[in-house]
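Here are some short exercises with worked solutions. Take a look at the model first, then follow the steps.

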Amino acid sequence: MIVKFIEVYSNKTFSNKKSEGFSLREVYINPKSVSMIRSEPKMRRHLTEGDLPSGLDERMEFSRISVESSQIVVVGSPHVIEQTLKETKHLLKG
């Protein structure tokens, strides 16, 4: 079973390096492939500076997740991410 999270990603492109906006998209992760979860305080700063999409709550927290050989930033505190992954693993064992 896979788990859905909301990923925060940069809109920066190679042709426009001055662009520093961010967007959100759904990402689906296999809980068995997660090796690390940590807080991502830089995104809180981007949120308060208005770089993130409008509509996000100012109290929002962000986490960086290592999935196999890549890392992504998702919406949610490390504790919430961990609990979501644990609940999904528990459901798998039925």
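Two strands count as paired if DSSP finds at least two bridges between them; strands (E, at least two residues) and helices (H or I, at least four residues) are DSSP runs, numbered from the N terminus. This is a predicted model, in which local features need pLDDT of at least 70 and side-chain atom pairs count only at pLDDT 80 or more, while totals for chains, interfaces and linings use all residues. Residues are numbered from 1 along each chain as its sequence is written, and side-chain values use heavy atoms, with hydrogens and water left out.

**Exercise 1.** Work out how β4 and β5 are joined, then place them in the sheet.

*Solution.* Start with the pair: β4 and β5 (residues 70–75) run antiparallel and are joined by 6 bridges. Next, pick out one partnership: F62 has V75 in β5 as its bridge partner. Now widen the view: the open sheet has 5 strands in the order β2-β1-β5-β4-β3, with antiparallel pairing. At its edges are β2 (22–29) and β3 (34–39), each pairing on one side only.

**Exercise 2.** Find the residues of the largest nonpolar core (buried Ala, Val, Leu, Ile, Met, Phe, Trp, Tyr and Cys residues joined through side-chain atoms within 4.5 Å; buried means under 20% relative accessible area with a 1.4 Å probe, protein chains only).

*Solution.* First, list the 11 residues: V3, F5, V27, I29, V34, I65, V67, I72, V74, I81 and L85. Then sort by element: β1, β2, β4, β5 and α2 (78–93) each give two or more residues to this core. Finally, look apart from it for another core of 9 residues, including F22, L47, L52 and L56.

Note on methods:
Buried means under 20% relative accessible area, exposed over 50%, partly exposed in between (1.4 Å probe, protein chains only).
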